[in-house]
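Trainee: I would love a close look at one single part of this protein. Could you pick a helix and walk me through it, with a little background on the chain it sits in?

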2 protein chains.
Amino acid sequence: MTAPTRRSRATILEVARDAGVSKTSVSRYFGDERSRLSPDMQQRIAASASRLGYRPNRIARGLKGGQSGLIGMLVADIRNPFSVAVMHGVEQACRAHGFSLMVCNTDNDPAQERDHLALLASYRVEGLVLNVAGHPGEELAALTERDTPLVLLDRSLDDLEADMVGLDNDRAIDAALEHLRAQGYGELLYISEPPERASSRQRRLERFWTKLGADGLEGEVCCLPLDDSPALERAIADFLDRPAAAPRAVLCANGNVTLAVTRVLQARGDTLGTTGLMGIDELDWCGLVGPGITTLAQPTEAIGRAAMDSLLERLTDSRRPPRQVRFSPTLIARGSTRR
Amino acid sequence: MTAPTRRSRATILEVARDAGVSKTSVSRYFGDERSRLSPDMQQRIAASASRLGYRPNRIARGLKGGQSGLIGMLVADIRNPFSVAVMHGVEQACRAHGFSLMVCNTDNDPAQERDHLALLASYRVEGLVLNVAGHPGEELAALTERDTPLVLLDRSLDDLEADMVGLDNDRAIDAALEHLRAQGYGELLYISEPPERASSRQRRLERFWTKLGADGLEGEVCCLPLDDSPALERAIADFLDRPAAAPRAVLCANGNVTLAVTRVLQARGDTLGTTGLMGIDELDWCGLVGPGITTLAQPTEAIGRAAMDSLLERLTDSRRPPRQVRFSPTLIARGSTRR
DNA sequence: TTGTATGCGTTATCAT
DNA sequence: ATGATAACGCATACAA
């Protein structure tokens, strides 16, 4: 009893022949019209299909109907736990609605963003979740022309009116400043990666400047790429190694910054708390370092689901005006902001 | 000057008409036969294509040639940084070879594994990277029957002879025990997640037992799911809160365990180093907690690339006997194993 | 309830 | 060097 060693999978035609019915009937069986088939026929199709190991070919299906069943996602940095958590939310939502997710990591490289976008377009994705650094104008235009729904994640793009989901950056900064002031810190250093290509970074930065005086705080800002650790060390030393009128704290614009800054502070031998430390983004280890690092947690899974919701809505009604969904952060107070 | 608001993308036919050539020529232009076209024709096709914004439809291409251009990857736990790092390596290699990667997270759920595998099959992926907990036999058989190349990641599957890439678990355990012994620890507690569905866990466990006596160490083992933190606390207390003849250390079977154990030790107020702590898998924060946590780092990117290499080879020669590639870990010694 | 015929966008085969 | 035409596997309008 040798199984037929086949080179390729069974097709709808083979099943039809085997069951003695037409291709159409088999197609209906695997489509959403199973109910329109007689019980007898359903039996025979089911039997043949399972014996032949038939699986509908989604590629062929997509070609005919224009329905690839695919949602595309561009992630600026897959090694950022925040991105992964959001992606997890998007994926769950995709599954729940019968879509599959195709994720492309771009390593914050605009060239890769363009390439991957073209790729996703060539697979005719039915929706797009974008978390990018550059502005892939042309490639994007090609997609939007087809009315492919689009949702921006965490970062918005100039001159692109699209749905957007992310953190309420103003509230995040407000909450951070309020917490730091309440804990008695009077001089702040805000450290961010270069904000040029990430709107959320810009927004946080602006808000920091805006609210600073209002809260009666002194502050300064430092923007630099995290791979330049000497520069980071210098910036932190400049801030901490001089006489000050009030307790000092460092505020980190995101999880990557928190990691880099924590390393520097640790190397310097600073005591967390005495030197305040707070970060946007909650990470696995924030409770473990020293007295614990105070953070503002983002509701990552919810953000992911919201992104998918946006897509689905727009799939139904492509004319709905662009909407922005902004989630509030949750303060997780720990020892790094306790003096 | 209104751009032609088109509902769908330009097709090869439209380009052909616009350029006054045949479909075949356009197909050749975008395939690998550009050289066979006259310079003049190349010019005209290029012009028309770019003006119409034409992109070959990979779905249609896949239908005809059976080449989806897709590699599928099943990841047991996307929130595990180790998995993400490996995935990053796989993705890079995919890109380098003109493939796209379709990643499915299964949350360690065999049901999801089956579903996602069926899905990947329906997209006719040309290769498969598997990191799974269950044993999706039927679905897998369907794929392997088509000679879809397959490579197992970190975990092998019973009665499935396939390529496999991962850590050299024996060397990892040996290195850990040797280091701990050299640092003067004499009684060990090895903590692992349940090994039943992950061969690498089993292998590490066995090796631990095997080598224990040889190194003149006392040891015991504890296997439990990490979501049961009371049980973990109890196990650790049992080990640490009793008189001992020699310094004690906890060895963690992977990064997740290291995280959970570190939390418990911290809550108990143990001093790292005095109580030894060591883990397999290097994580961002291991250098930051207390005196630093000693780890064995896996060469994640290399593992990812090796997985893809396996696939590519097998795509060329499907008869090559199954091969296992095992990478050696790198010891990163820190304060948690310094008494 | 079931079947026939056509087309989706592309590549492969066979011509010229 | 270039083109006409037939598949690829499926869904759908239409017919019975």
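**A close look at one helix**

Mentor: Happy to! Chain A has twelve helices and twelve strands. Please keep in mind that this is a predicted model. With a radius of gyration of 26 Å, chain A is well over the 20 Å that the globule rule gives for 339 residues, so it is more spread out than a compact globule. Along the principal axes, its C-alpha atoms fill a box of roughly 90 × 45 × 35 Å. Even so, 54% of the 339 residues of chain A count as buried. Among the contacts in chain A with a separation of 6 or more, 68% join residues that are 24 or more positions apart.

Now let's turn to helix 4 of chain A, which covers residues 58-65. Just at its start, a side-chain oxygen of A:Asn57 comes to within 2.8 Å of the backbone nitrogen of A:Ile59. A:Ile59 is also one of the buried residues of this helix, together with A:Arg58 and A:Gly62. If you look down the axis of helix 4 of chain A, these buried residues fall within an arc of 105°, so they line one face of the helix.

What lies over them? Part of the cover for the buried residues of helix 4 of chain A comes from chain B, including its helix 4 (58-65) and its helix 6 (110-122). At the other end, A:Gly66 follows helix 4 of chain A, and the phi of A:Gly66 is positive, near 75°.

Methods: Residues are numbered from 1 along each chain as its sequence is written. Chains are lettered from A and ligands numbered from 1 in the order in which they are written. This is a predicted model: local features need pLDDT of at least 70, side-chain atom pairs count only at pLDDT 80 or more; totals for chains, interfaces and linings use all residues. Side-chain values use heavy atoms; hydrogens and water are left out. Buried means under 20% relative accessible area, exposed over 50%, partly exposed in between (1.4 Å probe, protein chains only). Helices (H or I, at least four residues) and strands (E, at least two) are DSSP runs, numbered from the N terminus. The arc is that of the directions from the helix axis to the C-beta atoms. Contact means heavy atoms within 4.5 Å. A polar contact is a pair of N or O atoms within 3.5 Å; within protein, one must be able to donate a hydrogen and the other to accept it, and residues adjacent in sequence count only if both atoms are side-chain atoms. The radius of gyration is taken over C-alpha atoms; the globule rule is 2.2 Å times the number of residues to the power 0.38.
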